[in-house]
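Student: I would like a close look at a single part of this structure, taken slowly. Could you choose one strand and describe its surroundings, and then go on to whatever else can be set beside it?

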Amino acid sequence: MTSGFHIVVCGSLVPDPLQTLEPVQGPGGPGLKNEMMLPSVLDPWAAHALYEAAHLAKQTPDSRVWLVSLGPKARLQQLMMSIAQKAAFQLVAVDGSASGFTDCYDVAAVLAEAIEGIEGLDRSRLLLFGGRSSASRDAGVTMQMVGERLGISEQFLAVDKLEARSDGSLRVLERVEGGRYLASVCDGPPLVCAWSTGELPEPPNNPQIGMQNMRAIMPALQKARTVQVGAAGTDYRSVEVPRQRRDTRVVKMRRSTKSPARSSSGSGAEHGESPLPSTHTRRRHVTQSGPGSLDRRSPGLGGGERWEL
Amino acid sequence: MSTGKAAVEKGPTLSTLPGDDVRQIMWRFAERYDLQMLVQSARAVARGPVARLVADGARNTHEWTPEKAALLNAFDEAGITAVFLEPEHGGFIEGPKNLALALAALELAWVDGGAATGAMAGHLGLAPIHEKGTPEQSELYMKRSAPVQPGEKREQWRGAFALTEPIPYVGVDTGVLNGKVTVKEWKGGEEPILHVEKRGRFITNMAFANFVAAAVDTGDERIKSSCMVILEEGDPGTYDRGTPTKKLVHQLSSTNDPIFSLDVPASRIIGGYTIKDGVIVPNYSHGEIIDSVFKRTRVTVGLMTAAKLLSAVEPVIRYQRGRFRGGESDQPGTPRHDLGLQQKEDALHRLVDIWATGEAGASLGFWAARVFDELDPMDHRRPEIFAKYDIPEGRRALRAMAEWTERAVEYVRLAAKPAADRDQARFQELEGNELVQYLVTDALANVLCPAVKLWNTGHGANMMREAVSLMGGYGITEDCPGFLPQKWMDAQLEATYEGPEAVQRRQLSVTMTNAIFLAQFEEWIREMRRVAGMRPGSGACTLASAMELWLWTLRHLLEAKDAAGNPLYKGHRQGVTFPLADALCWLLASRSQITDMIELEERGPQNPSLSEGLAGFLRFFTDLCHVQAASAAGEVSRVCSSLVFGYNAHPSWKTDAGNVYDARELVVLENVMPGLCSCAVDALDEDLGAPLKRGPCVRFDGYEPFNLRRGKLDGCLTGSRLAKDNAARMLTEVMIPESLDYPQ
Ligand SMILES: Cc1cc2nc3c(=O)[nH]c(=O)nc-3n(C[C@H](O)[C@H](O)[C@H](O)COP(=O)(O)OP(=O)(O)OC[C@H]3O[C@@H](n4cnc5c(N)ncnc54)[C@H](O)[C@@H]3O)c2cc1C
């Protein structure tokens, strides 16, 4: 490949999950109690997308990373004080609500418009990243809608790994049921990747990177366009806050030198990547790269870990 | 005086615990992105690797373990090591760094004081070089200490600071050094080789430091004075790191008792030297260097203790609220379920006091850090500034300084007036005068530094005990959330190292009588009255009255004598000077707390994120200011009264009974002036026998100005308990996170 990727990551802020989250009906619609006062973090799945983007850009010369964030400007600025230290990116800020009660359709429209307006963005090299769902809304549809609006039909959901191969193709591992991955190969960008946790740890803060990023981030915040996104016309019958105890269970397994055990039942006893039961093939989005797209050759994710949902 | 019944009104309340938006405004770094980032990165280290170490029991060993050593890398990665460095040496913060260091220390000590100390001790090792080192020394050691960047191939150096020696030598009194420097070899025309003998006690970072800034006295007539020298691992001789100190506190930092017997070139004398008549004359004595180092680093220590108190609020509230949940009769929605121990007034009131102390300590510490940021550039140019105005160094400076002191006081007075009411031309002239600016800032810094170190750590340690007690038995277990018992104990070290409380009190007793400082203090009294006019519930009037009482007492004591005719305000009379120094700290802390609250009030509306909660924060902080001002007033009253009257001889029946009525006289006088009997405090009985007591009661002749001020101050406490009630109520309403953001 002669030129690098143009990676756009969509991600905004959500209340710090350790805070007390109490849904309330306010004069302006539904929201969380003291929402504006709660400390916020970058939406966790989107954060993984950002770290993966920064990592990929570092590995691939001539790549660029943008973070497109729709959120209240002042709060975004606060968020940047930590995020801008972790990875190098350019911010595209849109000033509006980041509430979990906004309508995904409206949010996707705003994000797509913001991306279309990015100067110097080469859409043929575009990798559109985001989280598989937002921690405050958990709808899991925004990225697909942004992709559709931008005319990107290659879409991968709950991605844990994206590998840029020397022939320019991209190999993607998506989480599917039963602790398995669907492996797909795509000819190249553009594509949409809605990330799960990915494989990278949270990068440490480095104020030196932060100071460099801030030179461009402050002007980006200053010129952020104000938009109205809300929940007008939406009626919430019930709202549930995430349970404190999540169901995710990480099971460490002894690393085996033998090839991964394969259970004929496909019950999830395998670790790593495994052949998919045929029912899963309907979730394939990638068709361009021919028969090799369902990759069953390479070893699993290594690390000897499997996750269970 | 109106004592009308004032109900505790309902109004805006505290919605959440104050977050970054609030703190950035109050502590004045809302415009500093470099500092905001530093806060985030230090916080991530504190609540991540540091907290995990503490929770895993890493504090239970004195040894310097690989796990503890890994923290150094975490500090490097997070930019904490580089905070102290100039950008050309690998740092990222331009200009003075006191506020930056203070913020980093606060974040780390929020979880563990030892981690904070470990991070700061590297800076302490470099500080003598930073303050007084030659350009070559700065270049070399600063660059070596910068974290290694990707692609760089070099070892990163870490420093230590060795002043304290084994008993009976230097500790609190930095004068009596046993460590010695002598000339080992001095060939004509070549640089002398020195020999250094130094033993250290309680030296932080010593398990791994590659270089040490060591204080030594001259042990050779060819060396003029004491100095500080840089010792390197690898210098010929002994560089023995010694045994680890068996600390009960701060176990995440390394402390050892090292032994050095090394040969070093004379170029290692910090700040360089000249040769005069065959004698090496160090450009700076060890005392001069240490003064300029501790002046800055002590502020950071004070903030560590303030962090502990503020960090205690959330775990205490959570414990109190959940105290009775889960029991058989527990019913969600009942006060017992929702509030738990918060139903009890005393539990709330004590937490209000803890929080108020934490606020005041943080405000005082950050004020001091900002003042040092202002002072630093001037201080580093001090020799040039003094030369420009023909001020000699040393004792002869005193006389030359007198007229400049007057000008500095004049500037302080003019600066406090509105522009329209002052001689603007004169004001601008003085404002543009570097020497005047230096003197004003220096006078303030010389008070603030010991005040922060003394009050924040000493009183802070006492209040940490209160915090621990609010957690009941849990409070004295390793499982206590927020590591509160460890923090209580750690606070005691913070009160001790870098000069214990006695050293700070001694310094204050000198610097607080400086005319330029006192002029500023007088202006603050007026300022607080003005504040009170606009913000009646803030306790500013209470504080102003307490400040007046303190100032009157100081001026009185400077002139007064004790019963035996000996002057009271003297260096050796620590019973006089020390309590007065303590009392001053309460006042300064309270003032800084009020000014930070005003800053939030004035600048908070500019931050849209705060629009929802600002009114509640202001209400709560205003009440906390009032509570703290009342506590300060109480301390000041107690101290001043005991000093003003405590050194007088009590009147006795033998010598002072002349003015006492006798019973028969009183009967006659009562007929002429009915009611007189009830006014007579003392009366002899019919046989002229004295009542059974110490002597006639004390008369206040000459003390009317004191009594007036003291009486007024008592009255000024009006409303302060209502403020406490109000703050306590808000503690029951504030929303706290579901759980602490660091492990237990
Ligand atoms: C964990 C730890 C880390 C340390 N790190 C370092 C380091 O890195 N480098 C370093 O050089 N030192 C270090 N120290 C030493 C520390 O600075 C000293 O312990 C401290 O200054 C007190 O000195 P001292 O222990 O000799 O106390 P002493 O001098 O014995 O004083 C004890 C007490 O006596 C009273 N007192 C003493 N003098 C006076 C006086 N003039 N007036 C009134 N009362 C007085 C006070 O109550 C005082 O607290 C460290 C100490 C500890 C415990």
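Tutor: Let us start with strand β1 of chain A in this predicted model, which is joined to strand β8 (residues 126–131) of chain A by four bridges, the two strands running parallel. Within that pairing, Ile7(A) stands opposite Leu127(A) of β8(A). Strand β1(A) is also joined to β6 (residues 64–71) of chain A, here through five bridges and again in a parallel arrangement, and in this pairing Ile7(A) stands opposite Val65(A). In a regular strand the side chains alternate between the two faces of the sheet. Both faces of β1(A) are covered, with His6(A), Val8(A) and Cys10(A) buried on one side and Ile7(A) and Val9(A) buried on the other. The strand, which comprises residues 6–10, is thus described as mostly covered, five of its five residues being buried.

A helix of the same chain can be set beside this strand. Helix α5 of chain A comprises the 16 residues 207–222, and because a rise of 1.5 Å a residue predicts a span of 22 Å, the 21 Å between its end C-alpha atoms agrees with expectation. The helix nevertheless has a kink of about 40°, centred on Met214(A), and Met214(A) is itself among the buried residues of α5(A), which also include Pro207(A), Gly210(A), Asn213(A) and Ile217(A). The cover over these buried residues includes α2 (73–83) and β7 (90–95) of chain A, together with α2 (33–55) of chain B. At the start of the helix, a side-chain oxygen of Asn206(A) comes to within 2.8 Å of the backbone nitrogen of Gln208(A).

Turning to chain B, the cysteines deserve a careful word. A disulfide is a covalent bond between the sulfur atoms of two cysteines. The count of disulfides over all chains is zero, and for Cys585(B) the closest cysteine sulfur, in Cys449(B), lies 11 Å away, which is too far for a bond. Cys585(B) is buried, with a relative accessible area of 0%, and Cys227(B) is likewise buried, with a value of 0%.

Finally, Gly340(B) lies in the loop between α8 (335–339) and α9 (345–380) of chain B, and Gly340(B) counts as buried because its relative accessibility is 0%. Leaving aside residues up to four places away in sequence, Gly340(B) touches Gln320(B), Arg321(B), Phe324(B) and Pro335(B).

Technical notes: Residues are numbered from 1 along each chain as its sequence is written. Chains are lettered from A and ligands numbered from 1 in the order in which they are written. This is a predicted model: local features need pLDDT of at least 70, side-chain atom pairs count only at pLDDT 80 or more; totals for chains, interfaces and linings use all residues. Side-chain values use heavy atoms; hydrogens and water are left out. The expected span of a helix is 1.5 Å times one less than its number of residues. The bend at a residue is the angle between axes fitted to the seven residues ending there and the seven starting there. Buried means under 20% relative accessible area, exposed over 50%, partly exposed in between (1.4 Å probe, protein chains only). Contact means heavy atoms within 4.5 Å. A polar contact is a pair of N or O atoms within 3.5 Å; within protein, one must be able to donate a hydrogen and the other to accept it, and residues adjacent in sequence count only if both atoms are side-chain atoms. A disulfide is a pair of cysteine sulfur atoms within 2.5 Å. Two strands pair if DSSP finds at least two bridges between them.
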